[in-house]
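Biologist: I would like to go through this model one question at a time. Please give the reasoning before each result.

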Amino acid sequence: MAQRVAVPDGANKKTSRVRVAVRLRPYMDNPDDKDEGPCVRGLDSQNLEIINWRNATETVKYHFDAFHGEQTTQQEVFVSSVKPILPHILNGQNASVFAYGPTGAGKTHTMMGSSDQPGVIPRAVSEVFKLVKAEDEGWDYSIGMSYLEIYNEKVLDLLSPSSQDLPIREDKDKNILIPGLTLSTISSFSDFDKHFVPASLNRTTASTKLNQRSSRSHAVLLIKVVRTQRALPHRQQTGKLYLIDLAGSEDNRRTGNQGIRLKESGAINLSLFTLSKVVDSLNSGTAVRVPYRDSKLTRLLQDSLGGSAHSVMITNIAPEYKYYFDTFNALNFASKSKLVVNKPFTCETVAVLPVKRAKEDHKAGGSGTEPLKKRHKDDRKTEQDGSSPSAHFHSPSEPSVMDRLVALEKLMMNCQDKDKLSMLSVAQSRKEIQELKEKQREFENKAMQFSRLAGEKSSAKQEPAFTNNSAPLQRKPSTATNAKKQQAVVQPLQVFQPLQQLAVVKKQSVCIKKGKKISDQVEPPDGKENSWESQLDTSVLEHSRQKILHVLNTGSLKELKGLQQIGDKKAKLILGWRELHGHFLNLEDVVKVEGMTGKRFSSFMKANILSAMGK
């Protein structure tokens, strides 16, 4: 059984500010660009200035923990900015180093370097092995490494390329961990090199207009150092070193990204924007929520920014004018990041079983004579057998350790007693509340009984003040169901005009049947049904047909809608047919128009001829 105990570190401060270093890469001449010179320059080892884009005659000055100019070597960057935080790892604390800046500013060169100029990552790992060898005896060390990349918001294991997207979790102690991530044990720098070089080739890179080998993902190298005390109480301390090479922010108008590259740059810019929001939230001091979970990158950097790590940010910038706004934004982000405060602490694992045994022996020694005699006999047996525990308990360095363990056990027991007392008090208060509720229910039942008795007595003595002797209202049966309903009779409009004005009839006059329109039916007076055209004068009929044909061939939309049974839709269809096929040669050609059947044509002709004669 083990318990995690916080150990105060007197040599270190309780809080640690994020250290920010700025590195300016050398100026690179490009024959295609105008020779405008650098837009930024260093003033000393901590200050630099950049031209103000609002006014070219002014400059904006910045102050950082360190400034590395164009002539600064890889060794100088490592010694001044990275090396001071590495000893914290061996004390059970976390440390983080990450490179930030626009694409093409030299972040990967700073972190990875080359064979003749190694960068921060190989130098830091080599320094960790040197520190382990220089440590005092009495501790066993175990060093492991993990290597991953965040590509399009997916966490991929570079040591195991066949793995899928890995989740990011947080344990009960608020430590960030990745289940399923490969952890390879290394015992020397050569072992590290065997794992790291092939894994680096698995990282996603591509070529853009601004960088021939642009990183398309954020790479994170984790070095885990676990040291265990050989003697009792077997303390175990775990320190982690995060070495992070961030992908650079990109302006797609200048990089020319398309397709997959455009999607990659979108994911990169979004994660870096979330990183900026995290820094702003930490600096505001009033933010209710820090958006760590909005991005996989900020989730992994939770310890580095506002967490429990000693953090160093190396901001890489470019001096050319085409990188001006990228450089300006990077410097502004760096100046905000140096205000972020972390709270590093040391945590260790301590074995608890030896503490309980020591406490039992301590109690037995002061309880009576018999346990004391048994203990003396056991001590004599162990001394005769030459065993080490007796000598171990009487060693000069052990009493201080035993005192600490006993004090720790007492503290734990006191905490448990307090918890028991609090639980007893809570149980007692709940019992009292339950008793009060039962009493309240009894009083309520008695009050209800009294109210019922009082109500019965008052109803027996008093008579109602108002009595209703009238019969209840009832709906009268409807008598309309038997009687036949009277129906309204609507008489049609009578036409009193002379029939000769409506039509000229041969030999007979035209009668209008009651209840029918003129356009519906025409009957002779003798009751014989003939064709309505035969009852009209031939000249009048032909004149009406020519008039209708003239309107169909030359009439506008309004004039077509003036015809009987021609609406807006059919008038437009007639105009469309006329534009395609020309004039109608005769009225029967109207049937060729869409929706005009023979029956409709007959009704159309009848209505329009009679209407024309009525006018």
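Biologist: Is Ala 105 buried or exposed?
Modeller: This is a predicted model, so the answer describes a prediction. Ala 105 sits in the loop between β8 and α2. Its relative accessibility is 1%, and buried means under 20%. Ala 105 therefore counts as buried.

Biologist: Which feature does UniProt place at Ala 105?
Modeller: The record is an unreviewed UniProt entry. Its feature covers several residues, including Gly 104, Ala 105 and Gly 106. The name given there is "binding site".

Biologist: Thr 103 is also listed under that feature. Where is Thr 103 found, and is Thr 103 buried or exposed?
Modeller: Thr 103 belongs to the loop between β8 (94-100) and α2 (107-111). Its relative accessibility is 4%, and the limit for buried is under 20%. Thr 103 is therefore buried.

Biologist: What separates the C-alpha atoms of Leu 166 and Leu 156?
Modeller: Leu 166 lies in the loop between β10 (154-157) and β11 (169-170). With a relative accessible area of 9%, Leu 166 is buried. Along the chain, Leu 166 and Leu 156 are 10 residues apart. Their C-alpha atoms are separated by 6.4 Å.

Biologist: Now to charged side chains. How many salt bridges are there?
Modeller: Side chains of opposite charge can pair when their charged atoms come close. A pair is counted when a side-chain nitrogen of Lys or Arg is within 4 Å of a carboxyl oxygen of Asp or Glu. By this rule, the count of salt bridges is 16.

Biologist: How many residues apart are Asp 140 and Arg 230, and what is the distance between their closest N and O atoms?
Modeller: Asp 140 is in strand β9 (residues 139-151), while Arg 230 is in the loop between β16 (218-229) and β17 (236-245). The two are 90 residues apart, and the pair links distant parts of the chain. Asp 140 is partly exposed at 39% relative accessibility, and Arg 230 is partly exposed at 44%. They form a salt bridge, with closest N and O atoms at 2.7 Å.

Biologist: Which residue forms a salt bridge with Lys 336?
Modeller: The closest N and O atoms of this pair are 3.0 Å apart. Lys 336 lies in helix α8 (residues 324-337) and its partner in helix α6 (residues 260-284), so the bridge ties together parts that are 56 residues apart in sequence. Lys 336 is partly exposed at 28% relative accessibility, and the partner is partly exposed with a relative accessible area of 34%. The partner is Asp 280.

Biologist: In the salt bridge between Asp 589 and Lys 592, which residue is exposed?
Modeller: The closest N and O atoms of this pair are 3.9 Å apart. Asp 589 has 12% relative accessibility and counts as buried. Exposed means over 50%, and the residue with a relative accessible area of 57% is Lys 592.

Biologist: Which residues are linked with Glu 170 in a network of salt bridges?
Modeller: A network here joins Glu 170 to two arginines. They are Arg 293 and Arg 299.

Biologist: Which residues form the negative surface patch?
Modeller: One member, Glu 432, is in helix α12 (residues 398-461). Glu 432 is partly exposed at 45% relative accessibility, and patch residues need over 30% and no salt bridge. The patch is formed by Glu 432, Glu 435, Glu 438 and Glu 442.

Terms used. Residues numbered from 1 in each chain as written. Predicted model: local features only at pLDDT ≥ 70, side-chain atom pairs only at ≥ 80, totals over all residues. Heavy atoms only, no water. Patch = residues over 30% accessible without salt bridge, like charges linked within 9 Å, V, L, I, M, F, W, Y side chains within 5 Å. Areas by Shrake-Rupley, 256 points an atom, 1.4 Å probe, with all protein chains shown as cover. Lys, Arg positive; Asp, Glu negative; His and termini not counted. Charge placed at Lys NZ, Arg CZ, Asp CG, Glu CD. Helix = DSSP H or I, 4+ residues; strand = E, 2+ residues; numbered from the N terminus. Buried < 20%, exposed > 50% of the residue type's maximum accessible area, 1.4 Å probe, protein only. UniProt positions renumbered as here; feature names shortened; annotations may be inferred.
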